[in-house]
Amino acid sequence: MSEAQKQRRAKRLLSMAEEARERTRAELAQTNQRLHDAETERQQAERRLHEDNRGAGCSADWVLADLDHEHRRRELKKAFDVEKKAQQEVVVAEEKATAAHQKHRVFERFHDNIAERIKQTVRRKESAEADAFALVMWSKQQAEDDD
């Protein structure tokens with residue numbers, strides 16, 4: 001496999017790693033948004049739970065108020081559960097994003113190493129050609145000086 005083929009493959013791998021990194025970044029942003037939404041919902045549920053609009057009234061009103069209060073408690077518990085799940089999803093998304101970033105860095109270094117190797121090969125070839133040309137010119141000069 002030629003160096004140019006290796007470089008094209010490395011470039012393809014690098015672009016695939018870049019796409020994967022961008023995808024995981026987008027997923028991380030989405031999970032962070034879901035976490036923010038869950039936190040907001042939990043805060044609203046807490047605020048609703050602490051609202052106490054009971055007043056003087058008959059026992060049926062108090063029973064309804066207690067049932068409403070219990071419903072708000074369940075909503076708060078559900079909001080806590082959703083928030084906890086969102087936090088776990090953020091941790092997983094961060095791990096994926098970190099892994100994708102590290103993989104991208106590896107392919108980036110791989111691509112750069114191949115490109116540098118190609119440059120060095122070209123420089124060596126040009127240097128060898130220049131040396132050969134200089135030797136021919138020197139030999140020609142020597143032959144003319146001997147005449």
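Q: What makes a residue buried, exposed or partly exposed in this predicted model?
A: Buried means under 20% relative accessible area, exposed means over 50%, and partly exposed lies in between.

Q: Why is Asp68 called partly exposed?
A: Asp68 has a relative accessible area of 33%. That value falls between 20% and 50%, so Asp68 counts as partly exposed.

Q: And why is Arg72 called buried?
A: The relative accessibility of Arg72 is 12%. Buried requires a value under 20%, so Arg72 fits.

Q: How do you know that Arg72 and Asp68 form a salt bridge?
A: Their closest N and O atoms are 2.9 Å apart. A salt bridge asks for a side-chain nitrogen of Lys or Arg within 4 Å of a carboxyl oxygen of Asp or Glu, so this pair qualifies.

Q: Where do Arg72 and Asp68 stand along their helix?
A: They are four residues apart in helix H2, which means about one helical turn separates them. Here is the general idea: an α-helix has 3.6 residues a turn, so residues three or four places apart point the same way.

Q: What makes Asp81 and Lys77 a salt bridge?
A: Their side chains meet at 3.3 Å, N to O. The limit is 4 Å, so the pair counts. Asp81 and Lys77 are also four residues apart in helix H2, about one helical turn.

Q: Which label, exposed or partly exposed, suits Lys77, and which suits Asp81?
A: Lys77 has a relative accessible area of 52%, over the 50% cut-off, so Lys77 is exposed. Asp81, at 42%, is partly exposed.

Q: Why does the pair Arg123 and Glu116 count as a salt bridge?
A: The N to O distance is 3.7 Å, and that is within 4 Å, so the pair passes. Arg123, at 46%, is partly exposed, and Glu116, at 32%, is partly exposed too. Elsewhere, salt bridges that share partners join Arg21, Glu22 and Arg25 into one network. A search of the whole structure finds twelve salt bridges.

Q: What makes Phe110 suitable for a nonpolar surface patch?
A: Phe110, found in helix H2, has a relative accessible area of 37%. A patch residue needs over 30%, so Phe110 meets that condition. With Leu13 and Met16, Phe110 forms a patch of about 270 Å² of accessible area together.

Q: How do you know that the length of helix H1 agrees with its number of residues?
A: At 1.5 Å a residue, the 48 residues of H1 should span 70 Å. The end C-alpha atoms are 69 Å apart, which agrees. The buried residues of H1, among them Ala10, Leu14 and Ala17, pack against helix H2.

Notes:
Residues numbered from 1 in each chain as written. Predicted model: local features only at pLDDT ≥ 70, side-chain atom pairs only at ≥ 80, totals over all residues. Heavy atoms only, no water. Helix = DSSP H or I, 4+ residues; strand = E, 2+ residues; numbered from the N terminus. Expected span 1.5 Å × (residues − 1). Buried < 20%, exposed > 50% of the residue type's maximum accessible area, 1.4 Å probe, protein only. Contact = heavy atoms within 4.5 Å. Patch = residues over 30% accessible without salt bridge, like charges linked within 9 Å, V, L, I, M, F, W, Y side chains within 5 Å. Areas by Shrake-Rupley, 256 points an atom, 1.4 Å probe, with all protein chains shown as cover.
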